[in-house]
Every structure is written in structure tokens, then in C-alpha cells.
Amino acid sequence: MSKKISFRKTKAADIKELACIYTQVYEAECYKEKWDYTQSKKLLDFYFKLETFIGFTSLCDGKVCGAFFSYIKPWWDGKHLAEGEIFIDPKFQNKHIGTDLYFTMMKYAYKKGCRVHELVAYKKPASWYKKIGFKETKLIHLFASIKDVISRMEK
Ligand SMILES: CC(C)(COP(=O)(O)OP(=O)(O)OC[C@H]1O[C@@H](n2cnc3c(N)ncnc32)[C@H](O)[C@@H]1OP(=O)(O)O)[C@@H](O)C(=O)NCCC(=O)NCCS
């Protein structure tokens with residue numbers, strides 16, 4: 001029998017379960033990011049408390065199986081949907097839930113006045129984003145250790 005997939009606005013009560021899923025998602029991926037439950041929960045709590053937070057939780061037969069957390073950012077050309085976090089429980093991936101969840105978020109963000117969603121992604125999810133219509137830009141993703149920058153500037 002086919003499973004019933006649904007989406008709803010994220011509730012505070014979802015966060016603990018979502019933090020467990022977020023941790024499992026990153027354990028299953030071979031990114032360099034190592035998320036444990038405490039850090040995952042801190043991140044999701046951080047998003048949840050933002051004034052312009054938007055979050056949707058996905059459910060499979062009523063059981064939480066993923067989410068998309070983001071927020072609206074004021075920008076020079078209007079409102080942007082900020083990067084955010086989309087993650088689906090590995091057991092439920094590749095069942096089109098991520099795509100439908102993303103579509104739910106886009107329709108909502110558009111209604112709220114957002115016209116752009118931009119983000120930085122690893123190669124693998126980038127190919128997923130391209131599948132749903134994203135294009136690469138010429139921006140360069142930069143990263144530094146603050147300690148290293150300070151010590152260089154002090155020299
Ligand atoms: C990326 C993610 C949200 C996609 O959700 P999902 O429910 O598994 O994806 P869907 O089933 O809707 O995917 C639809 C299509 O994309 C492909 N796809 C799914 N996950 C993919 C991935 N990580 N990379 C590339 N392609 C992917 C599927 O094969 C499918 O292709 P098809 O339409 O040709 O059959 C999910 O894989 C995930 O949680 N990944 C780990 C967290 C992550 O990387 N998040 C993005 C951070 S920037």
C-alpha cells in the first residue's frame with residue numbers, strides 16, 4: 001500500500017525528532033560535516049527562533065521524516081529566501097518527498113513576497129538543486145579560520 005506523504009508548518013514539538021533525523025542524514029552522507037544531536041538541535045532551534053523563520057515538516061503516514069528550514073532575508077532587490085536546510089531521513093530519500101517539500105516551501109515563500117532563493121551546496125545536492133531548476137553563479141564560496149586571519153593581520 002502506498003504511504004501517505006504530507007507537509008505542515010513546523011511546530012516546536014517537531015524539533016527534537018528533526019534534530020535526530022538531521023544527525024542521521026549527515027552520518028549517512030560523506031561530507032566533512034560531523035553533526036551530533038546537540039549541535040543539530042542548536043542549529044534547528046536557531047532557525048526556529050528567527051523572526052522571519054519559515055519551516056515545513058514532511059510526514060510519512062503521520063511520522064516526521066524530514067524538513068526544510070529557512071527564513072526571509074531583506075535584500076537590495078527585495079525579499080530573498082535564505083539558504084536554509086532541507087533534509088530527508090535517509091530511509092525516506094529518493095521517494096520524491098524532498099522535491100515536493102521544496103515545492104511546498106517555494107509556493108509559500110512566493111506568496112510571502114520572496115522572488116529569489118540562493119544557496120551554497122556540495123556537489124551531490126547541487127545536482128539535485130539543478131534538477132529542480134537552479135543555475136550556478138560566478139560567485140566564489142570563501143572560508144577562513146578567524147584565528148588565522150587575525151594572526152596574519154597582526155604580523
Ligand atoms: C537532497 C535531498 C533533500 C533530496 O530529497 P529526496 O526526497 O531524497 O529527493 P527526491 O526523491 O525528491 O529527488 C528527486 C530526484 O533527485 C535525485 N536525487 C535525490 N537526492 C539526490 C542527491 N542528494 N543528489 C543528487 N540527486 C539526488 C533522485 O534520484 C531523483 O531523481 P529522478 O527524478 O531522476 O528520479 C535529500 O537527498 C537529503 O536530505 N540529502 C541530504 C541532505 C542534503 O544534502 N541537503 C541539501 C543541503 S544543501
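Let us start at a small landmark: G133, which follows helix α4 and has a positive phi, near 115°. Helices here are DSSP runs of H or I with at least four residues, strands are runs of E with at least two, and both are numbered from the N terminus. The model is a predicted one, in which local features need pLDDT of at least 70 and side-chain atom pairs count only at pLDDT 80 or more, while totals for chains, interfaces and linings use all residues. Residue numbers start from 1 along each chain as its sequence is written.

Stepping back, the protein chain holds five helices and six strands, and from the N terminus on its elements run β-α-α-β-β-β-β-α-β-α-α. Its C-alpha trace spans about 65 × 35 × 30 Å along the principal axes. Of the 155 residues, 21% count as buried. Buried means that 20 or more other C-beta atoms lie within 10 Å of the residue's own; 12 or fewer makes it exposed, anything in between partly exposed, with C-beta atoms placed from the backbone. Contacts, meaning residue pairs whose backbone-placed C-beta atoms lie within 7 Å, often link distant parts of the sequence: among those with a separation of 6 or more, 59% join residues 24 or more positions apart.

Now to the strands. β1 (residues 5-9) pairs with β2 (residues 53-60) in the antiparallel sense over five bridges, and S6 has L59 of β2 as its bridge partner. Pairing here requires that DSSP finds at least two bridges between two strands. β2 also runs antiparallel to β3 (residues 63-75), to which eight bridges join it; here S58 stands opposite G66 in β3. β2 and β3 form a hairpin with two residues between them.

In that turn, D61 deserves a look: this residue is not a glycine, yet its phi is positive, about 50°. D61 is exposed, with 11 other C-beta atoms within 10 Å. H96 is another non-glycine residue with a positive phi, about 75°, and sits in the loop between β5 and α3. H96 is exposed, with 11 other C-beta atoms within 10 Å.

What lies inside? In soluble globular proteins, nonpolar side chains tend to be buried together. The largest nonpolar core in this model has 23 residues, and L18, Y22, L44, F68 and F87 have the most contacts inside it. Such a core is a set of buried Ala, Val, Leu, Ile, Met, Phe, Trp, Tyr and Cys residues joined through C-beta atoms within 7 Å. α1 (15-28), β3, β5 and α3 each supply at least two of its residues, with the largest share, six residues, coming from α1. Take F87 as a guide: leaving aside neighbours within four places in sequence, F87 is in contact with I21, Y22, V25, G66 and A67.

Finally, visit the ligand. Of the 18 residues around it, Q93, G98, T99, P125 and W128 come nearest; a residue is near if its C-beta atom, placed from the backbone, lies within 6 Å. The shell has eight nonpolar, six polar and four charged residues, where Ala, Val, Leu, Ile, Met, Phe, Trp, Tyr, Cys and Pro count as nonpolar, Asp, Glu, Lys and Arg as charged, and the others, Gly among them, as polar. β5 (85-88), α3 (97-111) and α4 (123-131) each supply at least two shell residues, and α4 gives the most, five. Yet α4 is hardly covered, with zero buried residues among its nine.

Definitions and conventions: Two residues are in contact if their C-beta atoms, placed from the backbone, lie within 7 Å.
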